[in-house]
Every structure is written in C-alpha cells, then in structure tokens.
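Please read the following report alongside the sequence and the coordinates. It moves from the overall fold to a few individual residues.

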Amino acid sequence: MADYENVCYLIHFERPINKSGTQHYIGFALHLNERIAKHRASKGAQILRRANALGIRWEVVRVWRNGSREAELGLKQFGGKNLCPRCSKFRKVSARPREARLFSLVR
Ligand SMILES: [Zn+2]
C-alpha cells in the first residue's frame, strides 16, 4: 500500500469483535503505514488490540484523503458498516452521493 498521509481509514474485521457486534473501526492517521504497523503490533487502538488477541483478521478497506479528527467524526456518523465495501448495501461509491460530496476517496 502506498504511504498515504493525513487520511481517514476504515478497518473491517472478519467477524464481530464483541457482543454488540462491532465489526468496523474508523481512524485518522498522519502516516497510514506507520499507524497500521502499530495496529498490527497491538500498539494502537484498544479495539485493534482486542481483535489481534482474539485472532480476528482485519484489513483496511477504505481510505479518504484530507483526513482530520473532524473528518473522522463525520465519517463515524455514517457508521462503519454503511461505508464498508464488504458490508454496505451501497457497494458502489457512486451510490453514496452524500458521502462523496463530503470526502474524497483514495481507495
Ligand atoms: Zn465491513
């Protein structure tokens, strides 16, 4: 993966990581590769540590340019599931005009 800077990203877990069914994580990173390496090493967010400890596989499924804490919160309002290409019923980006207006997609 290219080393994206200042991005928001969406992580999809292969199965829910808790009883409330959490299966996504949205974050903001200055350097995405560094952040992902930390997540892999369980040195980042609690939720990723938990997934790693449970042996639940995960991957970055979306990345948005011009990331910020504000954008992260904005994306969280959509809900990870609705933004996830694996889980959303709106699998095509073009089917998500509201989101496309707010954030420019990298992948
Ligand atoms: Zn998903």
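The report below covers the fold, the nonpolar core and three selected residues.

This is a predicted model, in which local features need pLDDT of at least 70 and side-chain atom pairs count only at pLDDT 80 or more, whereas totals for chains, interfaces and linings use all residues. Residues are numbered from 1 along each chain as its sequence is written.

The protein chain has five helices and three strands, where helices (H or I, at least four residues) and strands (E, at least two) are DSSP runs, numbered from the N terminus. Read from the N terminus, the elements follow the order β-β-α-α-β-α-α-α. Of the 107 residues in the protein chain, 28% are buried; a residue is called buried if 20 or more other C-beta atoms lie within 10 Å of its own, exposed if 12 or fewer, and partly exposed in between, with C-beta atoms placed from the backbone. Two residues are in contact if their C-beta atoms, placed from the backbone, lie within 7 Å. Among contacts in the protein chain between residues at least 6 apart in sequence, 66% join residues at least 24 apart.

A nonpolar core is a set of buried Ala, Val, Leu, Ile, Met, Phe, Trp, Tyr and Cys residues joined through C-beta atoms within 7 Å. The largest such core has 20 residues, and those with the most contacts inside it are Val7, Cys8, Tyr9, Leu10, Ile11 and Leu32. Two or more residues of this core are given by each of strand S1 (5-13), strand S2 (24-31), H1, H2 and S3, and the largest share, six residues, comes from S1.

Ile47 is found in helix H2 and is partly exposed, with 18 other C-beta atoms within 10 Å. Leaving aside residues up to four places away in sequence, Ile47 touches Ile17, Thr22 and Tyr25. The C-alpha atoms of Ile47 and Ile17, which are 30 residues apart along the chain, are separated by 8.0 Å.

Two loop residues other than glycine have a positive phi, as listed here.

| Residue | Phi | Loop between |
|---|---|---|
| Ser42 | near 60° | helix H1 (32-40) and helix H2 (46-53) |
| Asn66 | near 55° | strand S3 (58-64) and helix H3 (69-78) |

How exposed or buried are Ser42 and Asn66? Ser42 is partly exposed, because 14 other C-beta atoms lie within 10 Å, while Asn66 is exposed, with 11 other C-beta atoms within 10 Å.
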